[in-house]
Amino acid sequence: MVDVLSRCSQLVYKKAIKPALFKKPPDYVHETMIQYAQHRELLRLSRILHFMWAYDNPAVLAQKIGSVSFANPIGLSAGLDKNAQLPPICQRIGFGFSTVGSISAEPCAGNPKPWFYRLPKSQALVVNAGLPNDGAARVGAQLDKLSLGITATFPIVASIARTNSARACSEEAAILDYCISAKRLNAVAGVRALEINISCPNTYGGEPFTTPEKLSRLLAALRATHSTKPLWIKMPINLPWHEFQPLLEVACRYNVQAVTIGNLNKNRGEIPSGELPSQVKGNLSGRPTQALSNALIAKTYLHYNDRLTIIGVGGVFNAHDAYQKIRLGASLVELITGLIYEGPQLIGQINRDLVSLLQKDGLSSIGEAIGLDAQAAAQ
Ligand SMILES: Cc1cc2nc3c(=O)[nH]c(=O)nc-3n(C[C@H](O)[C@H](O)[C@H](O)COP(=O)(O)O)c2cc1C
C-alpha cells in the first residue's frame with residue numbers, strides 16, 4: 001500500500017509538480033521551499049506524508065557507527081539546509097540522518113545571486129552559493145532548540161566551513177574561524193559529528209586545506225579545541241589519487257572518524273555544449289559527480305576501511321545508485337540533487353528498494369554489503 005502511494009506521488013511530482021517548479025528560477029524555489037518546510041501546518045501535514053512515503057526502517061538497514069545509531073543509511077548532504085531549519089521534515093520523509101550547514105563562524109550572505117542553475121539533461125545543478133549561512137552562534141542556537149525534540153532519534157551532522165570573506169582568507173584566520181564554529185557546535189547535544197568542509201570551491205581564496213601540510217595544521221588546531229564529537233572531513237573529488245591519499249593519511253593521523261566523498265565537480269567539460277552557458281558560474285552536483293565519487297570511494301575503502309568510515313555522496317537518484325556506493329565501500333549515503341529531480345518520496349523508496357536489493361544478493365544487513373565491489377572497481 002505504502003509502495004503504491006509512494007509510486008503515485010513520484011508520478012505526480014515528475015509530471016505536475018516538478019515541471020511547475022522548474023518554470024521558476026531555482027533560487028526562488030529553494031528559498032520558498034525552506035520557508036514552507038518549517039511552516040507549522042506543513043509539519044502537521046508531514047505526519048500524513050510520513051505515513052505515505054517513509055519506510056518503517058527494518059533492522060537490516062540499521063547501523064551503529066561509533067556510538068551513533070542510524071535507522072537507515074540515507075542522509076541529506078550539506079548545503080540544502082544551511083541554517084538547520086529542516087531536520088524535522090527530513091526525519092518525517094524518511095531520512096536516516098541529516099547534515100546541516102555548511103556553517104561558518106560569522107554570518108555570511110553568500111555570493112551574489114543567482115546561486116543555482118539547472119541542467120536537466122545532465123541531471124545536475126550548477127552551484128555558486130558561496131556558503132551563505134546565519135553563522136555558528138545563531139545556527140547553534142537553532143540546533144539547541146531542535147535538540148530538545150527530535151535529535152535523540154535522528155542524528156544531525158554539522159558541516160563547518162570557513163567564513164566566505166576576505167577577512168577569513170589567511171590560513172591563520174581561516175583556522176581560527178573553523179575552531180570558533182567547532183567549539184560552538186560541539187556544545188550542541190544533538191549534533192553527533194562535525195563535518196569539516198575543506199572542499200567548498202566557490203569561495204574567497206579557494207580551497208585552502210587540500211594539501212597534507214595545511215590539513216595537518218587545521219586538524220591540529222581543531223584537536224586543541226577538545227571537541228568531543230567525531231570529526232568527518234568533506235573531501236574534494238577532483239584530486240588525483242596521489243594527491244587524495246595523502247589527505248587520508250593526515251585524517252588517520254588525527255583520528256578522523258569518517259570521510260565524506262565528496263563535494264561538487266569543478267570540471268564542467270563533460271556537460272554538452274549548449275546546456276551550460278559560459279557566463280553561469282559555479283560547480284556541478286548530481287550525475288556529473290557520480291563516477292568521480294565512486295572511484296574514490298572504492299580506492300579509499302581498499303586502503304583505509306579499517307581506519308576510516310566512508311560517507312558516499314554524489315549523483316544518487318535511486319536505490320541502485322545508493323547500493324552501488326555501499327558495495328564500493330560507503331557505510332552511509334547522502335544526496336541533494338536526487339531529491340530535487342525525483343521528489344521527496346525518493347528517500348522512502350530508496351530504503352524500501354535497498355532492502356529488496358540486499359535480499360536479492362542474499363545479504364542480511366547493510367554492513368554485509370559494504371565494500372563487496374571495491375576490489376573489482378579499483379582495478
Ligand atoms: C544546492 C547545493 C548546495 C550545496 N552547498 C554545500 C555546502 O554548503 N557544503 C558542502 O559541504 N557541500 C555543499 N554542496 C555539495 C553537496 O553536499 C554534495 O556534496 C554534492 O551536491 C553532490 O551530491 P548530490 O549529487 O546528491 O547533490 C551543495 C550542493 C548543492 C546541490
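Me: What makes a stretch of residues a helix or a strand in this model?

Reply: Helices are DSSP runs of H or I with at least four residues, and strands are DSSP runs of E with at least two; both are numbered from the N terminus. The model itself is predicted. Histidine 226, for instance, is placed in the loop between α7 and β9.

Me: Why is histidine 226 called exposed?

Reply: The relative accessible area of histidine 226 is 64%. Exposed requires over 50%, so histidine 226 qualifies. The phi of histidine 226 is near 55°, a positive value in a residue other than glycine.

Me: Why is leucine 131 buried or exposed, judged by its relative accessible area?

Reply: Buried requires under 20%. Leucine 131 has a relative accessible area of 7% and is therefore buried. Leucine 131 is placed in the loop between β6 and α5 (136-147), and its phi is near 60°, again positive in a residue other than glycine. Most residues other than glycine have a negative phi.

Me: Which peptide bonds are cis, and what is omega in each?

Reply: The bond from lysine 113 to proline 114 is cis, with omega near 5°; proline 114 is in the loop between β4 (97-103) and β5. Isoleucine 261 and glycine 262 are also joined by a cis peptide bond, with omega about 0°, and glycine 262 lies in the loop between β10 and β11. Most peptide bonds are trans.

Me: What makes isoleucine 271 count as buried or exposed?

Reply: With 10% relative accessibility set against the limit of under 20%, isoleucine 271 counts as buried. Isoleucine 271 is found in the loop between β10 and β11. Leu119, Ser122, Leu276, Leu284 and Pro288 touch isoleucine 271, residues up to four places away in sequence being left out. Isoleucine 271 and alanine 124 are 147 residues apart in sequence, and their C-alpha atoms are 9.5 Å apart in space.

Me: Why do β5 and β11 stand at the edges?

Reply: The open sheet consists of three strands in the order β5-β6-β11, with antiparallel pairing. β5 (116-119) and β11 (283-284) each have a single partner strand, so one side of each is left without a neighbour in the sheet.

Me: How do you know that β6 and β11 pair?

Reply: Two strands pair if DSSP finds at least two bridges between them. Two bridges join β6 (residues 124-127) to β11, so the criterion is met, and the strands run antiparallel. Valine 127 stands opposite asparagine 283 in β11.

Me: How do you know that β8 and β9 pair?

Reply: Four bridges join β8 (residues 191-197) to β9 (residues 231-235), and at least two are needed, so the two strands are paired. They run parallel. The bridge partner of leucine 194 in β9 is leucine 231. The eight-strand sheet closes into a barrel in the order β3-β4-β7-β8-β9-β10-β12-β13, with parallel pairing. On average, its neighbouring strands are turned by 25° against each other, direction ignored. Helix α10 (residues 319-328) packs on the sheet, touching β3 (74-76), β12 (309-313) and β13 (332-335), and its direction makes about 140° with that of β13.

Me: How do you know that the span of α8 is close to the one expected?

Reply: The expected span is 1.5 Å times one less than the number of residues. For the 13 residues of α8 (241-253) 18 Å is expected, and the helix reaches 18 Å from its first C-alpha to its last. Buried residues of α8 include Trp241, Phe244, Leu247 and Leu248; the buried residues of this helix pack against α7 (212-223), β9, β10 (258-261) and α9 (287-304). Just after α8, asparagine 255 takes a positive phi of about 60°.

Me: Which residues have the most contacts inside the largest nonpolar core?

Reply: They are Phe95 and Leu143, in a core of 86 residues. Leucine 143 touches Ala84, Val100, Ile156, Leu185, Val188 and Val191, not counting residues up to four places away in sequence. Another core, of 10 residues, lies apart from it, and Ile65, Val68, Ala193 and Ile311 are among its members.

Me: Why is glutamine 63 called buried?

Reply: Its relative accessible area is 12%, set against a limit of under 20%, so glutamine 63 is buried. This residue lies in strand β1 (residues 63-65).

Me: What lies 2.8 Å from a polar atom of the side chain of glutamine 63?

Reply: It is the backbone oxygen of serine 331. Among the residues that glutamine 63 touches are Ser331, Leu332, Ile366 and Ile370.

Notes:
Residues are numbered from 1 along each chain as its sequence is written. This is a predicted model: local features need pLDDT of at least 70, side-chain atom pairs count only at pLDDT 80 or more; totals for chains, interfaces and linings use all residues. Side-chain values use heavy atoms; hydrogens and water are left out. A nonpolar core is a set of buried Ala, Val, Leu, Ile, Met, Phe, Trp, Tyr and Cys residues joined through side-chain atoms within 4.5 Å. Buried means under 20% relative accessible area, exposed over 50%, partly exposed in between (1.4 Å probe, protein chains only). Contact means heavy atoms within 4.5 Å. Axes are lines fitted to C-alpha atoms, for helices over the stretch in contact, and angles run from 0 to 180 degrees between N-to-C directions. A polar contact is a pair of N or O atoms within 3.5 Å; within protein, one must be able to donate a hydrogen and the other to accept it, and residues adjacent in sequence count only if both atoms are side-chain atoms.
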